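Please look through the structure below with an eye for how its helices and strands are arranged beside one another. The paragraphs that follow take a few of these arrangements in turn.

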Amino acid sequence: MAATKEEKERAAAALQEEARPVFLAMGLDEKVVEQSLRNPKFTAALLETAREAGAEGGCPKSRGNLIYAVASKHPANALAHRGLLLSYIMEDQIKSNAQLDGAFDYLKRVGPGPTAPSELEAAAGVGVVVSPAQIAAAVAEAVAANRERLEEERYHLNTNIMLAGITKQLKWADGAKVREALTAAVEELLGPKTEADLGPQPDKKKKPKAEKPKGKEEGAANGKAAAGGKAGDAAAAAAAAAGAAPEEGAAGTEDDPYAFMPKPEDNNKIHTTITFSDERGVLRIANSAAKLAEHLERTGGRVVTRFPPEPNGYLHIGHAKAMFVDFGMAARYGGVCYLRYDDTNPNAEKQEYIDHIEEIVSWMGWTPWKITYASDYFGRLYDYAVQLIKAGHAYVCHQTKAEIEESREKKLPSPWRNRGVEENLALFEDMRRGLYKEGEATLRMRMDHANDNPTLWDSVAYRLLDVLDTYKPVVWEYSRLNITNTVMSKRKLNRLVTEGHVNGWDDPRLLTLAGLRRRGFTPEAVNAFCREIGITRNANVIPYHKLEHHVRAHLDATSPRALAVLRPLRVVLTNLAEGHAEVVTAAHFPGRADSGYPVPFTRVVYIESSDFRVEDARDYYGLAPGKSAMLRYAYPITVTGYTTGPGGGVTELQAVADLGYAGSGRKPPKGVLNWVGQPAPGREPESAEVRLYDVLFNSEAPEALGDDWLGDINPASLAVLKGAYLTPELAGAKAFDRFQFERLGYFCVDPDSRPGSLVFNRTVTLRDSFPKGEQQQGGGGGGGGGGGGRGR
């Protein structure tokens, strides 16, 4: 049984209470302390490092900040030498970040092997003295090289760039003295600051610069501007640069989102550190050189990853992020990725889910190297369990769940913890033969029941791998993907489906991948979204509009345009003959070279009902009595009259078309309308059902509502429009075809469609710029006219 959430929270609070006074006594800035305490893993690492340094009772701030940097950045494959490095800090032989970085580079090279003090000291500049004359000469050279810019921009110039160059040249110089000398030299050149120097920097027309990928050079210029400076800035620098820094996030580069992940050949670093409460002390778990070499030979040094879904439901967008990490990293580095079903709960598994998973993985653009099942390895897992029992690391326990929780709370061992090996083997064989009911017997790791860390009260994965002496793969536990106005829990999704709140697992209002596909989202857009949000351990909530942004961008580039009318209003062009019929050409991709498609223009056409108002208004560009607007790709029309029905609503417009507009030189109307004509005089256009979607939940965080989350369902999350009109071009559309209905949004053909009875789902509006419930009024030449509402 794993530690409960409450147990972990209590342990984290106790750790914070223990660590805070130690960190403050080290002279760390209060902000840095609070940031560190938010991350329990880093808090434990920093506390352990402080104790190893002998700084638990306090130390000067300069040393404290360097100890912080050691906790953040020390090479994981060389933790055996951390005590040695800390001794140099506590003896003031290493006094700057630059020295520390030199030591890190050396220790990373030697790893867990033996160190040579002379080599370490040479790499870290121990004993090297940079004279004031050397500093003065380097500063004078930098000021002379930048004199023209200094005189032009004066004190607005960022001198940190100059500082970085000097500290790179004088690697072991005292950063504070370099900064002091540079400041004095600049003041000598420019004189005292004027009022203009103290004000904002004057605007200058700058030539646009091409963005450079963030690489080593930029890191040297920015991250190490204070590298040779006071250790007082070490904590902030380490927090920005270290993968284990307090926020514990991670980021790749613009070109490679997986750049921060360790490569196979580097997997000899410490995976985890276990501090026991007894004589076992501290255990640092890592692959031995021999074990790593064996793994690299077996895999050919390739990246090997796995995507391990449970076949107990449909995949959602959180799984898309997992696929982006697992399949994406393997693809990026020429490796392989397994699709491994975690089929350990047969009561919840269905072949339907297995088939769906393979279909969606393929739709997302990924190809598994092999498809395997956890159950394939049950025999091997059983053998491992026997191995653990024989080694004295596991035992058969008969405590109930409640009894285990009570004993954990009191830090008491199980009454069956000290059973002998032979008895445990016999009982485990009985378990294998099914002689116990579910829950009557469990196999538990013999760990450390008295430890303050609740995760050590039961088995720990890496501890298990260490005991079994198997290869220890890298496990990167990134944050769960949370998106506003939805739920992602499979349990909650299952309730929505089984209780009829939505229409199946592929309901377009759900963020299941089947639902997104049915709504019209593209795998390219979903993967771009996953790439943008990045791979981080930081818990966060992503606004839904970020996902919409990516699908709009992709659909804008790939979806052919089409004319359609969602809520038709009949318009009779009275200056045309009854049998008038001509064809105008519309563009699939306006602005690009394409042959276009034909649109029939007849005496009767249809526009959006919201594109006419009885009362005109300023800044309204739709139609009104006596007012003109342009029919897209056709002619301007002017309203001459209108007809109302029994309820007072407008049922028909009378208008005249300006057929002589083309080439006349007359100024066009500001308003441009989407419209549909009759395919032939007197024959009504192709009609369709259109489904408009909004967010499924009113609250941004329905999960936070507890048991009341179902009451937050948005009753307006689906609106069904019957009798929308389409141009003939759309009559042959097939399921999952995507279009941009001009001025209305992006739409996808639903699988419910049948010949002569099309159904379209609105994927997204052209832009998400209207508050919920607000109706778009009238037609402009922009996006969304006639659609109404926020729309999703």
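Helices H4 and H5 are roughly antiparallel to each other, because the angle between them is over 145 degrees. In this predicted model, H4 spans residues 61-73 and H5 spans residues 82-90, and the two pack at an angle of about 160 degrees with their axes 10 Å apart. Two packed helices are described by the angle between their axes and the distance between the axes. The way in which H4 passes H5 is a right-handed crossing. On the side of H4 the contact is made by Arg63, Leu66, Ile67 and Val70, while H5 contributes Arg82, Leu85, Leu86, Ile89 and Met90. Sorted by class, this contact of H4 with H5 holds 7 nonpolar residues and 2 charged ones, with no polar residues.

H4 also has a contact with another helix, H3, which covers residues 40-53, and here the packing angle is about 125 degrees with the axes 9 Å apart. That angle makes H3 oblique to H4. H3, too, passes H4 in a right-handed crossing. From H3 the residues Phe42, Ala45, Leu46, Thr49, Ala50 and Ala53 take part, and they meet Ile67, Tyr68, Val70, Ala71 and Ser72 of H4. By class, the contact of H3 with H4 has 9 nonpolar and 2 polar residues, and no charged residues. Ile67 and Val70 are therefore worth finding in the display, because they are listed in the contact of H4 with H5 and in the contact of H3 with H4, where contact means heavy atoms within 4.5 Å.

Further along the chain, another pair of helices can be described in the same terms. Helix H10, made of residues 160-169, packs with helix H11, made of residues 175-190, at an angle of about 130 degrees, and their axes are 10 Å apart. This makes H10 oblique to H11. The crossing of H10 past H11 is right-handed. Asn160, Met162, Leu163, Ile166 and Thr167 in H10 meet Val178, Arg179 and Leu182 in H11. Counted by class, 5 nonpolar, 2 polar and 1 charged residues form this contact of H10 with H11.

We now turn from helices to sheets. Strands of a sheet pair through backbone hydrogen bonds, either parallel or antiparallel. One open sheet has 3 strands in the order S3-S4-S5, and its pairing is parallel. Its edge strands are S3, at residues 304-307, and S5, at residues 370-373, each of which pairs on one side only. From one strand to the next, the twist averages 30 degrees. S3 and S4, the latter being residues 336-341, pair in the parallel sense over 4 bridges, and within this pairing Thr305 has Cys337 in S4 as its bridge partner. Helix H16, residues 317-332, packs on the sheet and touches S3 and S4, with a direction that makes about 160 degrees with that of S3.

On the other pairing of this sheet, 4 bridges join S4 to S5, and these strands run parallel. Arg340 stands opposite Thr372 in S5. To get from S4 to S5 the chain passes through H17, and this β-α-β crossover is right-handed. H17, residues 351-363, lies across S3, S4 and S5 and runs at about 160 degrees to S4.

A single residue shows how the parts of this region meet. Gly335 lies in the loop between H16 and S4. Although Gly335 and Val304 are 31 residues apart along the chain, their C-alpha atoms are separated by 5.7 Å. Leaving aside residues up to four places away in sequence, Gly335 touches Arg302, Val303 and Ala330.

There is also an open sheet of 7 strands, with the order S10-S23-S24-S25-S21-S22-S11 and mixed pairing. Its edge strands are S10, at residues 561-562, and S11, at residues 564-565, and each of these pairs on one side only. Within the sheet, S24 (residues 745-749) and S25 (residues 758-764) pair in the antiparallel sense over 4 bridges, and the bridge partner of Phe747 in S25 is Arg762. Helix H25, residues 544-558, packs on the sheet, where it touches S10, S23 (738-741), S24 and S25, and its direction makes about 120 degrees with that of S25.

How values were computed. Residues numbered from 1 in each chain as written. Predicted model: local features only at pLDDT ≥ 70, side-chain atom pairs only at ≥ 80, totals over all residues. Heavy atoms only, no water. Axes fitted to C-alpha atoms, helices over the stretch in contact; angles between N-to-C directions. Parallel < 35°, antiparallel > 145°, perpendicular 65-115°, else oblique. Left-handed = near helix turned anticlockwise from the far one by under 90°. Nonpolar A, V, L, I, M, F, W, Y, C, P; charged D, E, K, R; others polar. Pairing = 2+ DSSP bridges. Right-handed = clockwise from strand over helix to strand, strands pointing away.
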